[in-house]
Structures are given as C-alpha cells and as structure tokens.
Amino acid sequence: MKQNHNVMKRIIMMAALVIAILIGVSPQISAASESETTITILHTNDIHGRFETGVGFARFTTIANQHREENPNTLVLDAGDSIHGTNFANLFEGESIIALMNHVGVDVMTAGNHEFNFGQERLLEINEMADFPILAANIFTEDGRRFLEPYTIIDLDDVTVGVFGIATPDTTITTHPNNVIGLNFTDVIESSREMVAELEDQVDVIIALTHLGLTGEISSTSIANNVEGIDLIVEGHCHTILPNGRVVNDTMIVTMGDHLENLGHVELVIENGNMVSVTARMYTVEDVADVTPDPEALEIIEYFNSQVSEIQSQVIGESTYDLDAEFVRLAETALGNFVADVFLDVTGADVAMTNGGGIRDSIAAGPI
C-alpha cells in the first residue's frame with residue numbers, strides 16, 4: 001500500500017512539474033508570436049496613365065481590398081510616372097488617375113519625371129488632390145525649401161514604417177525646362193543617407209520609394225550599394241520587371257515593369273523591431289484574370305471616359321495611310337516625319353527635328 005502511495009506521489013509530482021514547465025514557457029511562446037508582424041506591400045510604378053490595360057485599376061482595387069481584409073498591415077506604394085501618358089490622364093492633367101489611386105487606397109507615391117509634365121504648380125495641386133503624400137527628398141526650391149515632403153511615417157500594429165522618396169535628377173531634361181524652373185535636384189546618395197539618419201531612430205522599417213532606374217551611378221542599385229539601413233527599395237523609371245526582386249547589399253529592390261501589366265507583392269516579417277525576412281513576387285495579368293473588377297472603380301473610369309470620348313469624337317483631320325510610330329525611339333517613322341513636317345510648315349524653318357520620346361502612339365489610316 002505504501003509502495004502504491006509512493007508511485008502515486010511520484011506521478012503527481014511529475015504532473016505538477018510538467019504543468020509548471022508549461023506555465024513557465026507559455027508566456028515566452030505567446031510573446032514571441034505577438035512580437036512578429038507581417039507587413040504586406042502592393043506596389044506599382046510607371047503606370048503612365050494606363051487605367052484598363054494589364055491588371056487594371058478595377059482589379060487592382062479588388063486585390064488591394066482583399067489584402068487589407070486578410071492583413072490590416074497592408075501598404076500600397078507607387079514609384080512614380082503614373083499621372084501622365086494617355087488622353088484619359090492628360091486631358092484632366094492627372095486628376096483622373098489620382099481619383100483612381102485615391103479609390104485604390106494608395107498610401108504613398110514618389111514623384112517621377114512625368115509628374116512634372118503639367119508644370120510644377122499643377123503637381124502641387126495634384127498633391128493636394130491626393131489622399132496620400134507625393135514624396136521627394138532631393139528636390140529643393142531656389143530659397144532652399146523642399147518642394148515636396150521628403151518622407152512619411154506610418155504606424156502599423158507594433159511596427160512603425162518610414163517611407164522616403166527620391167526623384168530622378170534627369171527630370172530636368174526629361175520634361176519641358178519650364179516645368180522645373182527654380183528647382184534643384186540634389187545628390188541621390190547623400191539625400192538617401194540623410195533620410196536614413198533622420199528616420200532610423202523613429203521607425204522599425206525604412207523603405208525608399210525611388211524613381212531612378214536600376215543601372216548607372218544615379219540608380220536604385222547605387223543607393224543600395226552605398227547607403228546602409230534601407231530595408232526595401234521600391235523602384236521606378238527603368239520599366240524593368242524583377243519577378244522576385246533583387247537583393248543588393250542586403251537591401252531588396254523591387255520593380256514591376258510598366259502600364260500596370262503586373263502588380264508587385266512584398267511581405268516583410270518584423271520581429272522585436274527587426275526585419276527577419278523579406279519575400280517578393282508579382283501578380284501577372286493571368287494571375288488576376290478571375291478577379292472581379294471593383295464596381296466603384298469602373299464607375300470612376302466610365303465618368304472620365306465619357307468626357308474623353310466626347311473630346312476624341314471630334315474629327316480634326318484624315319490620313320490616307322497608317323502614321324506608324326512603333327519604333328520611333330529607334331528609327332525613322334511615318335508619324336515622326338509628319339510631326340517634323342508640321343514643324344517646318346508652321347515655323348518656316350529650314351530644319352526641324354522631334355524627339356522619339358515625344359511620340360507615344362501610332363495613328364491609323366482614316367479619320368483622325
């Protein structure tokens with residue numbers, strides 16, 4: 001009887017020990033789980049006024065809303081060159097694209113060179129129309145003021161994210177000179193270092209939203225190689241596709257081509273204030289083919305499209321053959337020759353030239 005009692009006593013003691021161990025480790029397991037936060041980032045670049053091609057804004061809206069439902073820590077970022085490039089965008093000087101970006105719920109955008117195409121004052125007006133900041137840390141006015149806000153800080157669940165914008169110095173030669181009168185584009189490396197120094201004690205994650213391209217001394221790759229402390233670079237300007245991103249000097253760089261042909265998706269995992277992993281992938285047109293377009297986005301598109309159709313229905317001329325411009329950046333084209341001939345006719349000059357980048361589409365034979 002005594003032996004059975006001792007056995008029972010040992011069983012009780014062992015059970016108590018197990019319970020004590022579980023109680024002891026349980027808070028640690030819970031704390032580790034609670035300290036880990038996943039941030040989802042959807043990103044675009046170089047939309048160039050396209051609203052229906054590729055993924056399209058209506059499907060983009062649905063996808064963004066689905067991600068926000070699944071993970072409230074979702075950000076939507078755009079790396080510039082979005083508000084100019086089609087009649088849908090140009091006839092409203094960017095207002096139509098901003099209306100769609102507001103509806104999608106874009107959180108931050110950086111200024112691309114084409115954001116200046118309607119003039120710097122219009123860009124400031126567009127910035128006021130947007131429900132999100134348009135950033136550029138390296139653009140200053142003649143009196144030393146920043147032209148746009150340099151960065152923004154976003155508070156998520158237990159994680160603080162700092163996003164700063166960098167614009168291409170090439171803006172001075174890729175938009176009309178009048179659009180950048182009095183503006184100074186400073187060194188992108190030094191500007192990025194200043195932003196990291198200002199943000200590093202305030203945030204857990206630092207994201208650079210750049211419009212620079214991937215190659216050369218003035219590029220996102222150069223920033224990654226020369227500036228420590230940037231966790232993610234969302235890049236625009238080069239129209240390159242990096243399906244799974246590219247790691248340069250421990251910094252992930254992502255970019256999604258152009259014209260909303262793809263939608264970028266990044267997941268950052270933050271634990272105890274430190275980024276422990278970053279993964280990048282993309283949604284292609286095929287991936288989102290079955291996504292239901294957002295009806296309110298379609299209404300916005302229809303509203304602006306109806307006005308575009310009214311303007312575009314006015315016949316201003318007729319061509320007996322196709323005014324082709326497919327390879328206008330590489331070779332002589334019919335439309336390029338026509339534009340140069342118009343310059344000669346209007347001005348009476350002896351020689352006329354037009355740049356290929358100023359011609360964006362062909363004109364079919366028939367009424368124009």
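Modeller: Helices here are DSSP runs of H or I of at least four residues, numbered from the N terminus. The model under discussion is a predicted one.

Biologist: Which helices each supply at least two residues of the lining of the largest pocket?

Modeller: The largest pocket holds about 1,300 Å³ of space. Its lining counts 39 residues, and those nearest the centre are Gly85, Asn87, Asn90, Gly358 and Arg360. The helices that each supply at least two lining residues are H3 (87-90), H9 (295-312) and H10 (334-347).

Biologist: Which element gives the largest share of the lining of the largest pocket?

Modeller: By class, this lining comprises 12 nonpolar, 22 polar and 5 charged residues. The largest share of the lining amounts to 4 residues, and the element that gives it is H9.

Biologist: How many charged residues are in the lining of the second largest pocket?

Modeller: The second largest pocket encloses about 260 Å³. It is lined by 13 residues, with Val328, Arg329, Ile359, Arg360 and Asp361 nearest its centre. In that lining 4 residues are nonpolar and 4 are polar, while the number of charged residues is 5.

Biologist: Are the residues on the two faces of S9 buried or exposed?

Modeller: In a regular strand, side chains alternate between the two faces of the sheet. One side of S9 carries Val205, Ile207, Leu209 and His211, and the other carries Ile206, Ala208 and Thr210. A residue counts as buried when its relative accessible area is under 20%. By that cut-off, 7 of the 7 residues of strand S9 (residues 205-211) are buried.

Biologist: In which sense do S9 and strand S10 (residues 232-236) pair?

Modeller: On one pairing, strand S7 (residues 159-166) joins S9 over 6 bridges in the parallel sense, with Gly162 opposite Ile206. Between S9 and S10, Ile207 stands opposite Leu232. The pairing of S9 and S10 runs over 5 bridges, and its sense is parallel.

Biologist: What is the handedness of the β-α-β unit that S9, helix H8 (residues 220-226) and S10 make?

Modeller: The strands of this unit, S9 and S10, pair with each other. Helix H8 belongs to the unit along with them, and the handedness of the unit is right-handed.

Biologist: Which helix gives the most residues to the largest nonpolar core?

Modeller: The largest nonpolar core has 44 residues, and Phe57 and Phe116 have the most contacts inside it. Elements that each supply at least two residues of this core include helix H2 (56-70), helix H5 (120-129) and strand S8 (183-185). With 5 residues, the helix that gives the most to this core is H4.

Technical notes:
Residues are numbered from 1 along each chain as its sequence is written. This is a predicted model: local features need pLDDT of at least 70, side-chain atom pairs count only at pLDDT 80 or more; totals for chains, interfaces and linings use all residues. Side-chain values use heavy atoms; hydrogens and water are left out. On a 1 Å grid over the protein atoms alone, a cavity is a set of points where a 1.4 Å probe fits but cannot get out, and a pocket is an open set with protein on both sides within 12 Å along at least five of seven lines; lining residues have an atom within 4 Å of a point. Grid points are joined across faces, edges and corners, and a volume is the space filled by probe spheres set on the points. Ala, Val, Leu, Ile, Met, Phe, Trp, Tyr, Cys and Pro count as nonpolar, Asp, Glu, Lys and Arg as charged, and the others, Gly among them, as polar. Buried means under 20% relative accessible area, exposed over 50%, partly exposed in between (1.4 Å probe, protein chains only). Two strands pair if DSSP finds at least two bridges between them. A crossover is right-handed if, with the strands pointing away from the viewer, the path from the first strand over the helix to the second runs clockwise. A nonpolar core is a set of buried Ala, Val, Leu, Ile, Met, Phe, Trp, Tyr and Cys residues joined through side-chain atoms within 4.5 Å.
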